[in-house]
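Notebook open, model loaded. I'm jotting down what I looked up, in the order I looked.

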Amino acid sequence: MKTLDRLRQGLLRNRAWDLTRPDLSLELNTSHGTLLYLEDISVSFDGFRAIDGLNLYIDAGELRCIIGPNGAGKTTMMDIITGKTRPDTGTAWFGQTIDLLRLSEPEIASVGIGRKFQKPSVFEPLTVFENLELAMAADKRVWPTLRARITPEQRTRIEEVLETIGLQEHRTRRAGALSHGQKQWLEIGMLLMQAPHLLLVDEPVAGMTHQEMDRTAELLTSLAGKHSVVVVEHDMDFVRSIANKVTVLHQGRVLAEGTMDEVQNDPRVIEVYLGGEDVHGPMA
Amino acid sequence: MRLEALHLDRGGRIFLALLAVTTLLVPILNLAVPADSPLHVSTYTVTLLGKYLTYALLAVAVDLVWGYLGILSLGHGAFFALGGYAMGMYLMLQIGDRGVYGNPDLPDFMVFLNWHELPWFWHGFDMFWFAALMVILVPGTLAFVFGWLTFRSRVTGVYLSIITQALTYALMLAFFRNEMGFGGNNGLTDFKDLLGFDLQSDATRIGLFIASALALAGGYLACRYLVNSKLGRVAVAIRDAESRTRFIGYRVEQVKLWIFTFSAVLAGIAGALYVPQVGIINPGEFSPLNSIEIVVWVAIGGRATLYGAVLGALLVNYGKTYLTGVMPDAWLFALGGLFVLVTLFLPQGIAGLMRRKEVQA
Ligand SMILES: Nc1ncnc2c1ncn2[C@@H]1O[C@H](COP(=O)(O)OP(=O)(O)OP(=O)(O)O)[C@@H](O)[C@H]1O
Ligand SMILES: [Mg+2]
């Protein structure tokens with residue numbers, strides 16, 4: 001079944017088969033300043049074009065917000081970057097050397113792309129510290145895991161992340177006892193433990209209180225610089241509070257790109273948002 | 001390393017201290033105190049206690065996979081019985097020409113079946129070291145193969161539990177057959193001695209009791225070490241969010257496979273210590289009901305604590321011995337009723353009750 005699927009995808013993609021392409025590179029190189037290149041990506045589900053000739057570039061260290069009405073293709077775009085969905089056409093490069101379309105999901109995770117899903121999924125019976133410990137990049141086979149002892153460097157690393165996500169005081173608390181917002185931060189922390197270059201964050205503030213939103217905004221802006229962060233979010237106040245560059249997706253393509261003010265005054269964006277498709281409220 | 005594993009385990013420290021005291025006192029009260037003294041512990045009681053300790057080890061093995069890994073095994077009785085049979089085969093071959101038929105090479109039941117030589121799979125069981133190795137290898141291999149087939153095809157939850165029931169049921173039917181060469185429905189019995197020691201003597205009984213206590217303590221410490229390790233936390237992560245654990249890079253199937261196999265080996269060792277103390281092993285030990293009973297012990301004692309499993313096994317079996325003496329027919333109802341009560345009012349078992357007290361204090 002799986003082989004059949006592979007074969008089908010190999011035939012669908014308008015490029016040579018994986019096997020015939022030598023020298024798979026896993027070494028990240030961003031000397032041109034760009035971390036992610038998505039070019040001319042299209043994907044259809046049963047004839048419906050969810051992504052339609054998408055071009056998107058993310059700089060190293062940048063914090064980018066992606067907005068767009070429901071069904072615009074934002075989540076699908078993340079699925080493509082993380083290898084969950086394979087595009088019909090187009091190219092996706094991580095730095096100048098890593099061809100994402102040739103890597104499996106775990107491989108993509110290991111070259112440094114971390115993704116946070118909308119629903120927080122932390123290990124509830126374990127403590128905050130233990131959650132971070134399990135997520136840490138390490139030899140994860142059975143025997144080394146049984147024998148594993150936390151080294152001083154690893155402890156420092158966990159402490160750093162605890163501080164970044166603001167949960168130092170909660171390190172010995174069960175993750176299940178955290179508030180919704182704290183769980184979201186813990187999950188971001190678990191991503192950070194894997195030392196990713198690119199963080200994809202889908203709707204991080206859904207269901208958060210205002211204070212929690214402010215903390216999240218701080219957290220995400222503090223991550224930019226060291227990491228590139230791509231945030232998909234519907235909450236416009238939140239987007240305004242963190243974004244310097246915003247990309248508007250609509251029907252699977254980029255409709256506008258620029259600062260929050262620029263895109264907000266773009267007539268095409270106003271048209272899309274006031275055209276009655278948006279259920280999340282007006283942009284103003 | 002071991003002490004470190006016990007550091008945070010108050011229940012475990014209490015349990016091990018009590019076990020040590022019992023293991024020291026019982027032999028003294030049996031051997032040194034005269035039989036007419038009220039403090040005297042009869043050899044019958046010593047053997048009964050030894051049997052309970054092997055059940056406790058079995059319960060710890062089940063708690064490891066059920067409490068910490070989330071695999072509700074309803075077939076651990078099979079691993080216990082296989083360990084028991086391996087020991088039973090050794091004990092059978094020690095009888096020599098003292099059997100009813102006086103055949104120095106063949107156990108009585110084979111003479112009765114008109115067999116003329118020992119089946120190939122009985123070879124080697126006249127040596128203790130070989131039998132001891134089989135006590136570990138046979139349950140371990142079965143668990144490994146079973147786990148490899150089921151975990152890899154991602155069978156989980158109720159389906160897995162049902163398959164473990166089917167496993168022990170199938171083994172029961174197989175062992176009931178005379179042609180299998182394990183004594184059919186009579187099983188293996190009439191044992192005389194172990195390593196040259198007379199099984200009827202008080203000293204041997206005491207020796208077996210101490211061996212059971214040591215095995216329980218060792219098994220407990222090994223399980224505690226495992227659940228306190230990072231692997232133990234991965235097990236809990238698998239129990240509560242299997243696919244998420246896979247997603248952050250752990251090989252879920254491998255973790256399950258090795259912990260399950262280790263647990264089966266512990267069950268096998270428990271079975272091997274059980275058989276010389278009760279003096280018989282028969283296919284009834286494979287009965288699906290037995291395996292369910294073990295799970296009930298653990299549920300009553302308290303899941304995912306290890307010492308709760310010990311407590312549950314001891315209390316329930318003491319209750320069983322007592323009740324079957326007074327009202328033999330009432331036992332199954334009592335057990336079922338107890339299980340329902342605990343599930344409704346004490347979802348964390350007796351150990352959970354103690355822990356709640358501790359948190360309040
Ligand atoms: N696996 C799939 N099979 C079929 N259709 C799909 C699949 N995944 C996504 N789609 C469709 O593709 C379109 C884009 O979906 P996507 O989830 O990317 O939108 P989105 O921008 O994330 O929307 P939202 O703001 O609601 O999260 C939608 O119309 C959706 O129904
Ligand atoms: Mg979405």
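Started with a helix pair: helix α4 (residues 76-95) and helix α11 (residues 252-278), both of chain B, pack at about 45° with their axes 6 Å apart. For my own reference, axes are lines fitted to C-alpha atoms, for helices over the stretch in contact, and angles run from 0 to 180 degrees between N-to-C directions. Helices (H or I, at least four residues) and strands (E, at least two) are DSSP runs numbered from the N terminus.

Before going on, a note on the source: this is a predicted model, where local features need pLDDT of at least 70, side-chain atom pairs count only at pLDDT 80 or more, and totals for chains, interfaces and linings use all residues. Residues are numbered from 1 along each chain as its sequence is written, while chains are lettered from A and ligands numbered from 1 in the order in which they are written.

Back to the pair. α4(B) and α11(B) are therefore oblique to each other; angles under 35 degrees count as roughly parallel, over 145 as roughly antiparallel, 65 to 115 as roughly perpendicular and the rest as oblique. I get a right-handed crossing for α4(B) and α11(B). A crossing is called left-handed if the near helix is turned anticlockwise from the far one by less than a right angle, and right-handed if clockwise.

Who meets whom? On the α4(B) side I noted, among them, B:Phe79, B:Phe80, B:Gly84 and B:Met87, and on the α11(B) side residues including B:Ala267, B:Gly271 and B:Tyr274. Contact here means C-beta atoms, placed from the backbone, within 7 Å. I count 15 nonpolar, 6 polar and no charged residues in the contact of α4(B) with α11(B). Ala, Val, Leu, Ile, Met, Phe, Trp, Tyr, Cys and Pro go down as nonpolar, Asp, Glu, Lys and Arg as charged, and the others, Gly among them, as polar.

Next pair: helix α12 (residues 288-301) and helix α13 (residues 307-326) of chain B, whose axes come within 7 Å and cross at roughly 115°. That makes α12(B) roughly perpendicular to α13(B). The crossing is right-handed. B:Trp297 and B:Ile300 are among the α12(B) residues that meet α13(B), whose own list includes B:Leu311 and B:Val316. The contact of α12(B) with α13(B) has 9 nonpolar, 3 polar and no charged residues.

Third pair: helix α3 (residues 43-68) and helix α8 (residues 202-228) of chain B pack at about 15°, axes 9 Å apart. That makes α3(B) roughly parallel to α8(B). This crossing is left-handed. The contact residues of α3(B) and α8(B) divide into 17 nonpolar, 6 polar and 2 charged.

I then checked the UniProt record, an unreviewed entry: its "transmembrane region" listing for chain B includes residues 78-96 and 294-318. UniProt positions are in the numbering used here, feature names are shortened, and annotations may be inferred rather than shown by experiment. For 78-96 of chain B, the end C-alpha atoms lie 28 Å apart and the span is 95% helix and 0% strand. For 294-318 of chain B, I have 14 Å between the end C-alpha atoms, with 80% helix and 0% strand.

Last stop, the chain boundary. I find 16 residues of chain A in contact with 18 residues of chain B. α4(A) gives the largest share of chain A's side, 4 residues. That side divides into 9 nonpolar, 2 polar and 5 charged.

Conventions. Contact = placed C-beta atoms within 7 Å.
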